[in-house]
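The following exercises concern a predicted model of a protein with a ligand. Please work through each task before reading its solution.

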Amino acid sequence: MDSASFRVEGKRMVDFVADYWDTIRERRPLPDIKPGYIQELVPSKAPASPEDWSAIFDDLESVVLNGATHWHHPHFFAYFPTALSYQSILADILSGGIAGIGFTWKSCPSMTELEMSSLDWLVDLLGLPEHFKNAHDGPGCGIIQSTASDSTMIAIMAARAAQVARIKAEGDVGLGKWTADIGKTIREIFERVKSNKPTLQSQKSIHIVEDDENAEMIVPFYHDPTVFEKFVMYCSDQAHSSVEKGAMLSGIRLRKLKAQRDFLGNFGVSEMTLRNAIRQDRDRGYIPFMFLATIGTTCSCGVDRLDVLGPICEQEGLYLHVDAAYAGTFAFCPEFKYLLNGIEHADSYNFNLHKAGMVNFDCSPMWFKNGTNIAKFFNVDALYLAHEYQSTAADYRHLQVALGRRFRSLKIWFVLRNMGVAKIQDYLRGTEKLAAKFAELIIEDGRFEHFVPQHLGLTCFKLKNSSNSDNERLCNAINEDRRIHLVPSTVQGNYFLRMVVCSQLTNENDVIFAKNVIFEITDRIFDVY
Ligand SMILES: *Cc1c(COP(=O)(O)O)cnc(C)c1O
């Protein structure tokens with residue numbers, strides 16, 4: 001393909017995408033295919049010689065769209081939304097077109113600097129603390145990560161390293177106040193650290209030592225498993241599965257604390273639960289080092305209150321990371337700012353603009369209260385990455401796992417400039433209103449009840465006086481019917497159905513339609529309800 005045909009085919013692809021969205025109502029949200037369907041459509045071996053672009057283009061409907069789940073269909077009510085806007089698609093075209101990777105300032109200055117300023121815009125628009133701004137004098141900073149899962153894992157590794165650094169520093173100057181507080185476990189770690197002096201003296205993130213056979217070993221200073229062996233982190237039993245994955249891959253014990261119905265009638269970790277867990281684990285010789293709070297849990301959109309739990313983290317020396325993947329975007333609206341009460345206590349904060357924020361996947365902004373400190377934990381010096389401005393300019397490679405990164409900030413820049421925050425607010429308010437409407441409609445005929453009060457775009461409901469298997473049967477029948485798509489969830493053993501308003505095309509008639517489909521299927525499959 002040369003530039004002349006790229007111009008032609010590029011325009012054709014843009015039309016194809018616009019047509020897809022314009023006519024999406026004619027489809028059903030779930031595809032009618034079975035696993036392995038692609039074997040009939042795609043040969044088992046790659047073509048021996050290049051094919052015509054038009055032949056590929058002709059396959060898009062049968063291979064790609066016919067087998068796709070249509071997340072932007074107005075009757076798609078599953079999971080949480082994933083964002084879509086033409087502005088972000090244009091940004092992705094440009095990012096792909098520039099095809100640079102900005103791991104350091106020098107490797108693409110505009111990529112680094114536009115990310116820094118667009119994240120500072122977001123700090124103001126969301127009402128986040130000033131100390132998160134890249135332009136702020138302090139050590140805070142913002143970066144775009146790929147996903148909330150990545151942010152969680154990075155936060156866990158950062159928190160773990162900060163605690164290791166603290167223990168090693170205390171170990172260096174003596175047993176200090178730690179001994180009285182925590183006792184035996186810490187003393188044992190200090191003894192080990194002291195007997196390994198070369199590691200201790202190094203202020204580098206890695207240290208090279210020679211073993212008995214004179215083989216060189218790279219020993220991580222901040223990610224030293226002999227120190228974090230007894231570490232334990234906390235999250236709610238409602239936290240996203242990515243927290244468990246992040247803790248597992250970081251070699252960290254995770255204790256899920258039982259959430260209770262409280263704030264908004266929804267599930268969150270209480271002050272007593274967190275305090276008791278910390279005390280109990282210290283008594284048992286563990287080292288609590290982190291609490292991961294969720295704002296807008298995936299199951300029921302519950303909230304761990306930062307204004308209540310944040311001060312405990314501060315008193316107890318726990319790193320506080322906040323995962324607001326879905327709900328965080330709602331802070332664009334003044335009426336939803338309550339979600340972020342107490343955010344000043346957070347050591348790091350993350351939400352997905354690619355969920356409710358009209359910025360296409362992937363775009364997951366993350367802020368650190370002390371990014372300078374954290375960059376130290378991810379730093380490996382390589383001469384070929386060094387540049388003359390390193391001490392003054394941000395090198396984003398030190399706040400992520402990968403080296404390379406895409407030009408994601410273009411999406412934020414395009415959306416905020418051309419669409420404006422008012423349009424995002426309209427969408428957020430619209431989904432909340434429609435969810436409230438559905439919440440009202442679903443209890444209209446007396447057979448259903450809310451599992452928790454509707455919150456933001458999510459309504460959780462179940463059949464009254466029913467068993468889990470009744471609700472499961474209903475949910476399966478709804479999805480087999482394929483006119484609407486939603487997914488179930490469980491909280492502490494209670495099965496219920498989740499209805500999330502996702503698509504920008506969903507209107508009040510669609511919500512009435514969803515209710516009618518649910519009532520009709522309930523009539524059909526049950527005698528008793
Ligand atoms: C969706 C979700 C995630 C995962 O988001 P990714 O960006 O896909 O990793 C994490 N936490 C919560 C609360 C979520 O709702």
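**Exercise 1: Domains**

The protein is divided into domain 1 (1–30 + 69–82 + 421–529), domain 2 (86–146 + 381–418) and domain 3 (148–351).

Task: State what separation lies between the centres of domain 1 and domain 2, and describe the contact of domain 1 with domain 2.

Solution.
1. Taken over C-alpha atoms, the centres of domain 1 and domain 2 are separated by 34 Å.
2. To the contact, domain 1 contributes seven residues and domain 2 contributes six residues.
3. Between domain 1 and domain 2 an area of about 450 Å² is buried, and carbon and sulfur atoms give 80% of that area.

**Exercise 2: Polar contacts of the ligand**

Task: Determine which residues come nearest to the ligand, and how far an oxygen atom of the ligand is from an N or O atom in the side chain of Ser-149.

Solution.
1. There are 14 residues around the ligand, of which Ala-148, Ser-149, Asp-323, Asn-352 and Lys-355 come nearest.
2. For Ser-149, a side-chain N or O atom is 2.5 Å from an oxygen atom of the ligand.
3. The corresponding distance for the side chain of Asn-352 is 2.9 Å, and for that of Thr-298 it is 3.0 Å.
4. With a cut-off of 3.5 Å for N or O pairs, the pairs with Ser-149, Asn-352 and Thr-298 qualify as polar contacts.

**Exercise 3: The shell around the ligand**

Task: Establish how much of the ligand's accessible area the protein covers, and which elements give two or more residues to the shell.

Solution.
1. On its own, the ligand has 390 Å² of accessible area, and the protein covers 87% of it.
2. Helix H6 (148–173) and helix H14 (353–356) are the elements that give two or more residues to the shell.
3. By class, the shell residues comprise three nonpolar, nine polar and two charged.

How values were computed:
Residues numbered from 1 in each chain as written. Predicted model: local features only at pLDDT ≥ 70, side-chain atom pairs only at ≥ 80, totals over all residues. Heavy atoms only, no water. Near = heavy atom within 4 Å. Polar contact = N/O pair within 3.5 Å; in protein donor to acceptor, adjacent residues only side chain to side chain. Areas by Shrake-Rupley, 256 points an atom, 1.4 Å probe, with all protein chains shown as cover. Helix = DSSP H or I, 4+ residues; strand = E, 2+ residues; numbered from the N terminus. Nonpolar A, V, L, I, M, F, W, Y, C, P; charged D, E, K, R; others polar. Domains from an automatic or database assignment. Contact = heavy atoms within 4.5 Å. Buried area = accessible area lost by both parts, 1.4 Å probe.
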